[in-house]
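Here are a few short exercises to help you find your way around. Have a go at each one before you read its solution.

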Amino acid sequence: MRLLNSLVVLPAIFAGFSVSTAEALTVADYCKPTSASIREITPLDGGETYAAISVDGKSIDIFSYKTGKKTGTLFSIDGQKGDLKISEFEGYSLSDNGRKILLWNDSRKIYRHSYTAEYYVYDIMRSTVKKVSEKGPQRGAVISHDGRFVAYERDNNIFIASLDYGTDNQITKDGEKNRVINGSPDWSYEEEFGMLTSLRWSGDDNILAFIRFDESKVPEYSFDNYRGFCDEDPLGDPYPSAYSYKYPLAGYPNSVVSVNAYDLDNRVIKKMDLPIAETDYVPSIEFGGEKEDRLMVMLLNRDQNNLRLFSCNPLSTVGKQIYTDNSDAWLNPDAYQMVEYGKNGFIIASERSGWRHLYQYDYSGAMRRQITKGDFNVTAYYGKNEALGIHYMQTTSQGTINRSIVSVDPKGVLTVLNKEEGANAASFSKNHAYFVRTYSSATTAPQYTICNARGVRLHDLEMNAECMAKYASAPKMEFLKVKNEQGEEMNAFMIKPVDFDPSRKYPLLMYQYNGPDSQQVLNRWRMEGIFYIASQGYIVACVDGRGTGNRSRKWATCVYKDLGNLETRDQITAARHFASLPYVDASRTACFGWSYGGYMTLMELGAPDSPFKAGVAMAPVTDWRFYDSIYTERYMQTPGQNKTGYDSASALARTSGVNARLLIMSGTSDDNVHFYNTLKYASKLSSEGKIFDMMAYAGFEHSLGMCDARMQLFCKIVDFLRINL
């Protein structure tokens with residue numbers, strides 16, 4: 001269960017737009033904001049240039065860090081030679097030697113992040129295109145370092161296409177739908193570990209490593225796919241199609257995984273000799289340095305409180321444990337997935353000190369240095385200038401709600417490289433002499449500049465002046481602190497209507513997510529549906545209570561094995577604080593959340609001292625026994641280990657206390673938080689004779705990303721609040 005709007009900054013080039021500042025802002029302006037878009041940047045060898053997709057999306061151009069100007073083109077739709085030409089592309093990946101480009105188009109969605117596509121390889125020197133495979137769409141294609149091979153998965157098996165010989169060889173033969181997957185992750189690994197492919201080339205391209213997922217023991221989850229009127233076939237068949245896939249609920253069997261390596265010379269697959277129990281996870285495999293004999297494999301136990309890192313030789317299959325991390329609660333993936341393998345060692349993040357910091361190890365497992373220290377978290381690692389020994393990263397050192405680009409010298413001295421507080425992120429050149437800085441704040445739309453390694457601005461790429469002008473009349477976000485029942489300060493923001501009059505009384509909407517290690521209160525630009533709600537005459541407030549992320553480890557893990565209870569107390573306390581303000585009508589308060597936030601809405605409405613007159617729950621989990629194993633057990637263990645915790649955390653156990661008006665909504669084809677959650681909760685309310693409102697989005701998934709559904713959703717919320725507040 002990953003946040004849909006979490007702070008993610010992708011390297012980019014920018015697409016412009018034009019608007020009329022005289023136009024009144026509509027729900028579409030809030031739900032489909034028009035700030036400059038971001039496309040992919042690839043730092044190029046030498047450190048002086050980078051590649052990026054052009055504004056019109058028809059070429060991949062080369063730009064100078066020094067001047068910010070275009071200096072050449074790697075690929076152009078109009079510059080292709082030969083018989084095969086493509087008319088468009090959706091993304092690209094450059095081979096490490098800089099000679100070949102992997103391009104793809106015609107992508108078809110699988111789950112939230114995964115897709116199949118048609119892949120092509122462009123030869124930069126010859127300006128020619130070759131199709132990776134003629135046998136059907138591919139998934140998770142990965143080009144070799146030398147650009148001679150492309151590995152991919154199709155129909156649960158791995159193939160390797162040789163561009164030199166035009167061959168397309170099948171490497172595995174045991175792949176079978178809903179039984180065995182080779183190379184690509186199962187649903188839960190994709191959703192909860194962020195894995196899109198496990199295919200990894202060794203530095204010399206002689207070995208292809210991958211994870212095999214045996215999901216034969218995982219129960220199948222089935223639901224009917226109802227086609228809505230905005231589908232490609234709006235009417236469809238009179239009978240809905242049945243959809244079944246492997247989805248492990250909390251406490252049920254997961255995929256049994258193994259790590260394998262294929263030797264291109266002798267065409268043999270070897271299973272690595274690692275102590276992987278049937279219940280263990282393998283959240284990451286990567287080759288360390290440039291050697292083919294150092295495959296780095298992470299093993300994580302099912303309780304997700306013990307991580308072991310092995311250095312494995314794919315030729316002998318022997319693995320040696322060189323690192324471990326343990327916790328009394330859960331290990332945060334944001335920490336252990338922040339790892340970089342270098343020539344002589346690796347850097348990995350850990351929260352063992354109570355904060356997320358970086359540690360440097362050699363490949364024997366000896367710790368060489370703790371790179372960062374202090375009461376802040378490292379939120380991204382950007383690499384090291386080897387000549388100067390300086391590390392670059394993103395941190396919360398300027399406050400929890402901010403993100404800062406910093407450098408740390410060999411003596412451990414930390415220097416902030418940005419002047420403005422807000423959301424700063426960087427994409428560094430290969431020699432770490434320059435970076436593209438992305439910056440925004442609650443009052444500043446995204447800005448993109450080129451800086452040198454000291455943070456000095458060299459060139460402006462996109463300052464989003466038109467966007468700022470367009471949204472000048474939009475409601476503004478204000479930051480403040482609110483204390484919980486224990487007197488602890490919680491980060492909060494408030495959005496007031498544009499024509500705010502302190503002498504008036506406004507209805508209050510408490511917006512939330514509040515999942516473990518999540519964060520909503522951030523000093524960054526966001527223009528979304530909650531701003532539309534505020535524009536319609538509501539005070540919108542949001543509080544990050546106990547359990548949320550990027551504060552201390554203690555703050556996050558206090559909810560361990562007891563989800564929903566402390567968070568509910570904090571939200572209710574915060575709501576009472578806002579309701580006490582002179583310009584808020586305490587008799588007209590409501591709460592709203594999506595996914596985990598929808599769950600929080602139900603928990604708050606069912607609390608015995610709930611102050612809310614109405615609530616809106618979108619795609620909520622209603623009992624943690626109905627959600628996936630990796631996410632749920634990370635914070636709750638299994639239902640067998642923690643029955644009391646699951647009972648206490650169930651929104652279904654609180655329905656008798658719901659006296660407010662409720663609007664509950666879900667997509668019928670949500671493969672993440674299943675529609676069954678909503679149906680089960682609605683059934684319980686019905687059995688108790690309670691009156692409520694319910695909406696179902698036919699054929700929609702978790703994020704409602706199709707057919708402008710979010711605009712209709714926020715209009716419905718405003719309509720519901722007007723009637724019930």
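Keep in mind that this is a predicted model.

**Exercise 1.** Find what helix 11 lies across, then see what helix 12 touches.

*Solution.* Start with helix 11, residues 675-687: it lies across strand 44 (661-667) and strand 45, running at about 150 degrees to strand 44. Now go to helix 12, residues 709-724, which packs on the sheet. Helix 12 touches strand 40 (506-512), strand 42 (584-594), strand 43 (614-618), strand 44 and strand 45. Its direction makes about 170 degrees with that of strand 44.

**Exercise 2.** Work out the strand order of the open sheet and pick out its edge strands.

*Solution.* Trace the eight strands across the sheet and you get 38-39-41-40-42-43-44-45, with mixed pairing. Next, look for strands that pair on one side only: these are strand 38 (477-483) and strand 45 (693-697). From one strand to the next, the twist averages 20 degrees. Zoom in on strand 38 and you'll see it pair with strand 39 (residues 489-495) in the antiparallel sense, over seven bridges. As one example, V482 has M490 of strand 39 as its bridge partner.

**Exercise 3.** Which residues have the most contacts inside the largest nonpolar core?

*Solution.* The core has 63 residues, and the ones to list are M510, F578, Y599, W624, L662 and Y681. Then ask where the largest share comes from: helix 8 (residues 596-605) supplies six residues. Separate from this core is another one of 48 residues, including V521, F592, L663 and M695. Finally, take a look around Y681: among the residues it touches are L602, T622, A651 and I664.

Methods:
Residues numbered from 1 in each chain as written. Predicted model: local features only at pLDDT ≥ 70, side-chain atom pairs only at ≥ 80, totals over all residues. Heavy atoms only, no water. Core = buried A, V, L, I, M, F, W, Y, C linked by side-chain atoms within 4.5 Å. Buried < 20%, exposed > 50% of the residue type's maximum accessible area, 1.4 Å probe, protein only. Helix = DSSP H or I, 4+ residues; strand = E, 2+ residues; numbered from the N terminus. Contact = heavy atoms within 4.5 Å. Pairing = 2+ DSSP bridges. Axes fitted to C-alpha atoms, helices over the stretch in contact; angles between N-to-C directions. Lists of a residue's contacts leave out its neighbours within four places in sequence.
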